[in-house]
Number of protein chains: 2
Amino acid sequence: MTTTEPAAAARRGRPGYDRDSMLEVVVEAFNERGYDATSLGVLAERLGLSKSAIYHHFASKEQMLEVALAQALDALEAVFDAPEATTGPVVSRIRHVLRGAVLVLCERKPYVTLLLRLRGNTPIEQEAMRRRRAIDAKMRALFEASRDEGTLRADMDPRIAERLTFGMVNSIVEWYRPDGPISPEELAESVLQLVRTGLREPSSL
Amino acid sequence: MTTTEPAAAARRGRPGYDRDSMLEVVVEAFNERGYDATSLGVLAERLGLSKSAIYHHFASKEQMLEVALAQALDALEAVFDAPEATTGPVVSRIRHVLRGAVLVLCERKPYVTLLLRLRGNTPIEQEAMRRRRAIDAKMRALFEASRDEGTLRADMDPRIAERLTFGMVNSIVEWYRPDGPISPEELAESVLQLVRTGLREPSSL
DNA sequence: GTCTATATTGAGATAGAC
DNA sequence: GTCTATCTCAATATAGAC
């Protein structure tokens, strides 16, 4: 039995975690049971380590949350700060951010899931929620711009439209499976179709 | 039984809670901080009581959750078991359950919110999730029937359509305010509009 | 119906050896 | 990088008086 292995990230046995590989296991547990309901004892069990070993990688349970949330927020902010989100026709910008949000959500699902379930119980959670609300505000501004130029249906409040749309996108974390039959791209396309023209078969309108 | 006291429900002073009026305060706290993160100490503080007084009304913290979840599930199941949900044109049934779900969600928001955030950590939570999944299955069956009769757009998987639609509806608990400017009926109408024909102004298609 | 205790368990976190 | 052992505190829940 060899006692030294170079790479740690892909290992599933007992030893050799680095910060990222440990975080993967930890965040999965947070999402299954909820952050508050997940004790260090449970984490240690799933990691195959003792509780105290965890503290070699993270200063506290909340720091695990902080690092994980950053992974989600950085990716989402990148979508909304991209040139495609700030220049060009408003309808194209909306398409870009919706598609980008779906893709980030699928590709970093565990981290985004954690973000979407925050309650703001600590300063770290509150700061993450602040960043999330800033993203929401950019989305809302796009919908209001669409209303102003006449491309959003006039009989719907743009704020309601934004909330329903983003709520739909965010709900994807509840059921999407990365190893399932549908690709993130297909899913993004379905979202755009539904948002653009609804669910009805045109011939049955 | 009941009714030696007309109602303790409206009281906001120190004493005189009955089960329902206590549950209102409790569920509000659960939703603000999360069920697991809400200690009996916090509940006692918000109720203006000692921790032990709570046990006069509920046998355990989890029993509070159980009673609250029943309020949400009973109302939702009533919508899906109503005659309007089981007879008549499929499109009408879908309109009924979507509208009904939005109304229940607005009118019993705290209880539905609790339901939607469950993680299944205990048998009681698991049973509630089972009932919730049964409701989902009825919704899915309606969408599949719509696909089969040609009223759901042919280029979208009915299961994805169902999940996106229900996800949108459920996300309403995250932002709806009963004392806000929009009525549950208006909100239900917006949902139906978005789902039927999308967000775009027809003239800009 | 509420109170003041208190029992008991498990949580997050630390110390220091290997 | 991980371990055993332990600290401290807060959690749920109970006992019994008023």
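Colleague: Which residue has a polar side-chain atom 2.9 Å from a phosphate oxygen of DNA strand C?

Modeller: Happy to start there, with the reminder that this is a predicted model. A polar contact here is a pair of N or O atoms within 3.5 Å, and a separation of 2.9 Å from the phosphate oxygen of DNA strand C is what we have. The residue that supplies the polar side-chain atom is H57(B).

Colleague: Which elements give two or more residues to the surface near DNA strand C?

Modeller: Both chains take part here. One of the two elements is α3 (51–54) of chain A. The pair is α3 (51–54) of chain A and α3 (51–54) of chain B.

Colleague: How far is a phosphate oxygen of DNA strand C from a polar backbone atom of S50(B)?

Modeller: S50(B) is among the residues that come nearest to DNA strand C, together with L40(A), K61(A), S52(B) and H57(B). In chain A, an N or O atom in the side chain of S39(A) is 3.3 Å from a phosphate oxygen of the strand. For the polar backbone atom of S50(B), the distance to a phosphate oxygen is 2.5 Å.

Colleague: Of the atoms of DNA strand C within 4 Å of the protein, what percentage belongs to sugar or phosphate?

Modeller: The atoms in question are those of DNA strand C within 4 Å of the protein, and they are split between bases on one side and sugar or phosphate on the other. On the protein side, the surface near the strand has six nonpolar, nine polar and two charged residues. The share that belongs to sugar or phosphate is 58%.

Colleague: Turning to DNA strand D, which residue has a side-chain N or O atom 2.4 Å from a base oxygen?

Modeller: There are 18 residues around DNA strand D, and the closest are G16(A), S50(A), S52(A), L40(B) and K51(B). A backbone N or O atom of S50(A) is 2.5 Å from a phosphate oxygen of this strand, and a polar backbone atom of K61(B) is 3.1 Å from a phosphate oxygen. The side chain 2.4 Å from a base oxygen belongs to S52(A).

Colleague: How many polar residues does the surface near DNA strand D have?

Modeller: Sorting the residues by class gives six nonpolar and two charged ones on this surface. The remaining class is the polar one, and its count is ten.

Colleague: What rotation superposes chain B on chain A?

Modeller: The superposition comes with 0.0 Å of shift along the axis and an RMSD of 0.0 Å. The two copies are thus related as by a two-fold rotation axis. Also, 100% of the interface residues of chain B are interface residues in chain A too, so the copies meet through the same surface. The rotation is 180°.

Colleague: Which helix gives the most to the lining of the second largest pocket?

Modeller: That pocket holds about 220 Å³ of space. Both chains line the pocket, with W175(A), Y176(A) and R177(A) among the residues from chain A, and R159(B), I160(B) and R163(B) among those from chain B. By class, the lining has five nonpolar, one polar and five charged residues. With three residues, the helix that gives the most is α9 (residues 158–170) of chain B.

Colleague: And how many helices are there in chain A?

Modeller: The C-alpha trace of chain A spans about 65 × 40 × 30 Å along its principal axes. There are zero strands in the chain, and its pattern along the sequence is α-α-α-α-α-α-α-α-α-α. The number of helices is ten.

How values were computed:
Residues numbered from 1 in each chain as written. Chains lettered and ligands numbered in written order. Predicted model: local features only at pLDDT ≥ 70, side-chain atom pairs only at ≥ 80, totals over all residues. Heavy atoms only, no water. Near = heavy atom within 4 Å. Polar contact = N/O pair within 3.5 Å; in protein donor to acceptor, adjacent residues only side chain to side chain. Helix = DSSP H or I, 4+ residues; strand = E, 2+ residues; numbered from the N terminus. Nonpolar A, V, L, I, M, F, W, Y, C, P; charged D, E, K, R; others polar. Least-squares fit on C-alpha atoms with pLDDT ≥ 70 in both. Contact = heavy atoms within 4.5 Å. 1 Å grid on protein atoms, 1.4 Å probe; cavity = no way out; pocket = protein on both sides within 12 Å on 5 of 7 lines; lining within 4 Å. Points joined across faces, edges and corners; volume = space filled by probe spheres on them.
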